[in-house]
Structure formats: C-alpha cells, structure tokens
Amino acid sequence: MLVLGVDPGLARTGYAVVSRGNPHKVIALGIIRTPVKWAIEKRLQELSGDLSDVIKRYGPVAMSLEKVYIKGNRSAASAVERATGVVMLTAAKAGISVSEYSPSTVKKIVTGDGAATKEAVQRTLRKTLNLSEDGLPYDAFDAVAVAICHLRHLHLELVP
C-alpha cells in the first residue's frame with residue numbers, strides 16, 4: 001500500500017510516497033516549486049500538473065495532508081489554502097482519497113510528542129527510516145511525517 005503525503009504550499013509543496021511496512025519505506029521524496037514571478041493561476045496549474053505526474057508515476061491509493069493552521073499573515077494563509085484546494089482537487093481527479101491530520105496529531109504519531117519541533121520530527125524520521133542528511137527542506141519531511149501518520153492511523157483502524 002502506497003500513501004502520498006503532501007505538505008501544500010504555493011512556492012514549495014513537499015511530497016513523499018511511503019509504503020506500508022515495518023519499518024515504512026520512503027519510495028519517493030521531493031519538492032514541487034512554482035516560480036514566484038508567475039501569475040497565481042499559472043502557479044496552481046503547475047502544482048496540479050506536477051502532482052498529477054507524481055500520482056501517475058507511483059500510483060498511491062491515498063493522500064494525506066496536514067491541516068492548515070497559519071496565524072497572522074493572511075496573504076501566506078491564502079496562498080497555502082489555494083494550494084491545498086488544488087492538491088485536494090488533483091487527488092479527487094485521480095480517484096484517491098484524502099485525509100487531513102492536525103499538526104499535533106502528526107507530531108504525536110511520529111515522535112510521541114504532540115508539541116515536538118520540526119527538528120525533532122526530522123531526527124525521528126531520519127533515524128527510523130534511514131533517511132540521509134541531504135538538506136531537504138522541511139516541506140519534504142513534513143510530507144513524510146503526514147504519510148507515516150496516515151499509515152499508522154490505517155493500521156490502528158485495521159487492528160481488531
């Protein structure tokens with residue numbers, strides 16, 4: 001079973017394709033970038049096209065996202081909300097389900113601490129999944145974390 005974890009953003013969207021297992025295995029990991037100079041509609045179209053390519057290439061059965069919580073900067077929040085809508089629409093068009101998790105739930109599932117820092121989440125993922133120290137942005141690790149969260153959530157639902 002493959003799950004696509006996505007950390008939506010307009011400038012950078014992190015994605016990770018993770019397979020179920022013990023331990024789970026990261027099949028693909030990366031960032032989709034859209035040029036800041038482009039018009040918003042072109043950037044959203046680019047995001048959808050690139051994400052569709054990831055879905056076609058790996059064939060995940062589900063997508064998971066972290067729920068959007070942005071305080072203060074309304075412009076940044078609007079951009080993330082637009083990107084999230086496009087990501088969800090792209091999944092719907094591909095026929096895959098979407099699940100959302102709060103940031104504290106993702107952190108709790110991955111590290112055991114719902115208030116863990118991004119650095120703690122990265123350390124845990126690097127250790128448990130044998131990921132390299134290659135300087136990938138937090139967006140990619142957030143995508144891995146939300147995919148792991150979904151896989152573990154599914155496991156809990158399947159246990160009698």
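# Tour of the sheet and its cores

Select Leu 4 and then Met 63: Met 63 is the bridge partner of Leu 4 and sits in β4. The model is predicted, and the tour starts from this pair.

**Step 1. The β1-β4 pairing.** Extend the selection to the whole of both strands. β1 and β4 run parallel and are joined by 4 bridges. Another position to pick along this pairing is Val 3, whose bridge partner in β4 is Ala 62.

**Step 2. The other side of β4.** Add β5, residues 97-101. It pairs with β4 over 5 bridges, again in the parallel sense. Met 63, already selected as the partner of Leu 4, stands opposite Val 98 in β5.

**Step 3. The other side of β1.** Now select residues 2-7 and 12-19, which are β1 and β2; these run antiparallel and are joined by 6 bridges. The two strands form a hairpin, with 4 residues between them. Two positions are useful for orientation here. Leu 2 has Ser 19 of β2 as its bridge partner, and Val 3 stands opposite Val 18 in β2. Val 3 can thus be picked for two pairings, with Val 18 in β2 and with Ala 62 in β4.

**Step 4. The whole sheet.** Show all strands together. Which order do the 5 strands take in the open sheet? The order is β3-β2-β1-β4-β5, and the pairing is mixed. At the edges are β3, residues 25-33, and β5, each of which pairs on one side only. From one strand to the next, the twist averages 20°.

**Step 5. Burial of β1 and β4.** Colour the strands by accessibility. In β1, 5 of the 6 residues are buried, and the strand is mostly covered. In β4, 5 of the 5 residues are buried, so the rest of the structure largely encloses this strand. Turn on the side chains of β4: Ala 62, Ser 64 and Glu 66 point one way, Met 63 and Leu 65 point the other way, and all are buried.

**Step 6. Ser 64.** Centre the view on Ser 64, in strand β4, residues 62-66. Its relative accessibility is 0%, so it counts as buried. Where is a backbone oxygen that lies 3.0 Å from a polar atom of the Ser 64 side chain? That oxygen belongs to Val 146. Next, display the residues that Ser 64 touches, leaving aside those up to four places away in sequence: Val 3, Leu 4, Gly 5, Val 6, Ser 99, Tyr 101, Val 146, Ala 147 and His 150.

**Step 7. The largest nonpolar core.** Select Val 18, Val 106, Val 110, Leu 125, Leu 129, Val 144 and Ile 148. These have the most contacts inside the largest nonpolar core, which has 23 residues. At least two residues of this core come from each of β2, α3 (103-111), α4 (118-129) and α5 (138-158). Which element gives the largest share? It is α5, with 9 residues. Val 18 appears here again, having been met opposite Val 3 in the hairpin.

Stay in this core and pick Leu 129. Not counting residues up to four places away in sequence, Leu 129 touches His 24, Val 26, Val 144 and Ile 148. A second, separate core of 20 residues can be selected next, starting from Leu 10, Ile 32, Val 54 and Ile 55, which are among its members.

**Step 8. The whole chain.** Zoom out and colour by secondary structure. The chain has 5 helices and 5 strands, and along the sequence they follow the pattern β-β-β-α-β-α-β-α-α-α. Along the principal axes, the C-alpha atoms fill a box of roughly 45 × 35 × 30 Å. The radius of gyration is 15 Å, in agreement with the value near 15 Å that a compact globule of 160 residues would have. Of those 160 residues, 45% count as buried. Among contacts between residues at least 6 apart in sequence, 61% join residues at least 24 apart.

Notes:
Residues are numbered from 1 along each chain as its sequence is written. This is a predicted model: local features need pLDDT of at least 70, side-chain atom pairs count only at pLDDT 80 or more; totals for chains, interfaces and linings use all residues. Side-chain values use heavy atoms; hydrogens and water are left out. Two strands pair if DSSP finds at least two bridges between them. Axes are lines fitted to C-alpha atoms, for helices over the stretch in contact, and angles run from 0 to 180 degrees between N-to-C directions. Buried means under 20% relative accessible area, exposed over 50%, partly exposed in between (1.4 Å probe, protein chains only). A polar contact is a pair of N or O atoms within 3.5 Å; within protein, one must be able to donate a hydrogen and the other to accept it, and residues adjacent in sequence count only if both atoms are side-chain atoms. Contact means heavy atoms within 4.5 Å. A nonpolar core is a set of buried Ala, Val, Leu, Ile, Met, Phe, Trp, Tyr and Cys residues joined through side-chain atoms within 4.5 Å. The radius of gyration is taken over C-alpha atoms; the globule rule is 2.2 Å times the number of residues to the power 0.38.
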